[in-house]
Amino acid sequence: MNTSTFIVIALLVASLVLVVYLFLADAEKRRAAEYRKHALHDILPNRLQAYERLSLYLNRISPDEMAVREQVGAATAKDLYLAMLNCVRQEFEHNVAMQIYVTDASWKRVERAKEEVIKTLNNTVKSLAPNVTPLEFSAEFVEAGRNTCSFYLDRAKDGLRKDVAGEFVIE
């Protein structure tokens, strides 16, 4: 075998190896893209549901909503306060797993809104006389909520809407 034949065979083998390598690399890229496509298809409904549930949570813990919903069965202002506090905490615990599907910024805004609602509840109950009626407590809480926690609730809702609009808009 002369040198030129050896060079031709070596070039053919190298070319064949290169073609096989490029084919396998391309096949791997296609498999990865297909996996991402299926993963997105499977995760997308969960992510949308997480945004929906957190939006619902923020609505449910707003002072206006809780004042109407939680007054039923509250014999005293303290009972109403405890029912509202329990509502905020239980609803949050029920939705805590949603944090894996939303952005960190949105989750932090939801947490901050929850903390502000609890803070407003605590401040309202501390500021009132012990013999206040549930209706009076409720009215004070709604008014205090308009001045304090409504900003954080609105900010969290706006953040959720912006995330959904930015991520799920199909062009």
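A residue counts as buried when its relative accessible area is under 20%, as exposed when that area is over 50%, and as partly exposed in between. These classes are applied below to a predicted model.

**Helix H1**

Leu58 has its place in helix H1. Because its relative accessible area is 0%, Leu58 falls in the buried class. Between the C-alpha atoms of Leu58 and Tyr81 there is a separation of 18 Å, the two residues being 23 residues apart along the chain.

Leu16 also belongs to helix H1, which spans residues 3-60. Its relative accessibility is 57%, and Leu16 is therefore classed as exposed. Together with Val20, Phe23 and Leu24, Leu16 makes a nonpolar surface patch of about 420 Å². Helix H1 thus contains a buried leucine, Leu58, and an exposed one, Leu16.

**Salt bridges**

Seven salt bridges are present in the structure. The table lists three pairs, with the distance between the closest N and O atoms of each.

| Acidic residue | Basic residue | Closest N and O atoms |
|---|---|---|
| Glu91 | Arg60 | 2.6 Å |
| Asp64 | Arg146 | 3.8 Å |
| Glu116 | Arg112 | 3.1 Å |

The salt bridge between Glu91 and Arg60 links distant parts of the chain, since Glu91 lies in helix H3 (residues 77-95) and Arg60 in helix H1, 31 residues apart. Glu91 has a relative accessible area of 17% and is therefore buried. Arg60, at 27% relative accessibility, counts as partly exposed.

Arg146 and Asp64 form another salt bridge. Arg146 is in helix H5 and Asp64 is in helix H2 (residues 63-70), so this pair ties together parts that are 82 residues apart in sequence. With a relative accessible area of 41%, Asp64 is partly exposed. A network of salt bridges links Asp64 and Arg146 with Glu143.

The salt bridge between Glu116 and Arg112 is contained in one helix: both residues lie in H4, four residues apart, or about one turn of the helix. Glu116 is buried, because its relative accessible area is 8%. Arg112 is partly exposed, with a relative accessibility of 35%.

**Packing of the helices**

Two packed helices are described by the angle between their axes and by the distance between those axes. For H3 and H4, the angle is about 170° and the axes are 10 Å apart. Angles over 145 degrees count as roughly antiparallel, and H3 and H4 are therefore roughly antiparallel to each other. The crossing in which H3 passes H4 is left-handed.

Helix H4 (residues 104-127) also meets helix H5 (residues 134-147): their axes come within 9 Å and cross at roughly 135°. H4 is therefore oblique to H5, because that class takes the angles left over by the roughly parallel, roughly antiparallel and roughly perpendicular ones. H4 and H5 have a right-handed crossing.

In summary, H4 is roughly antiparallel to H3 and oblique to H5. Helix H4 also holds the salt bridge of Glu116 with Arg112, while the pair Glu91 and Arg60 links H3 with H1 and the pair Arg146 and Asp64 ties H5 to H2.

How values were computed:
Residues are numbered from 1 along each chain as its sequence is written. This is a predicted model: local features need pLDDT of at least 70, side-chain atom pairs count only at pLDDT 80 or more; totals for chains, interfaces and linings use all residues. Side-chain values use heavy atoms; hydrogens and water are left out. Patches are made of residues with over 30% relative accessible area and no salt bridge: like charges are joined within 9 Å, nonpolar side chains (Val, Leu, Ile, Met, Phe, Trp, Tyr) within 5 Å. Accessible areas come from the Shrake-Rupley method with a 1.4 Å probe; for residues, only the protein chains shown count as cover. A salt bridge is a side-chain nitrogen of Lys or Arg within 4 Å of a carboxyl oxygen of Asp or Glu. Helices (H or I, at least four residues) and strands (E, at least two) are DSSP runs, numbered from the N terminus. Buried means under 20% relative accessible area, exposed over 50%, partly exposed in between (1.4 Å probe, protein chains only). Axes are lines fitted to C-alpha atoms, for helices over the stretch in contact, and angles run from 0 to 180 degrees between N-to-C directions. Angles under 35 degrees count as roughly parallel, over 145 as roughly antiparallel, 65 to 115 as roughly perpendicular and the rest as oblique. A crossing is left-handed if the near helix is turned anticlockwise from the far one by less than a right angle, and right-handed if clockwise.
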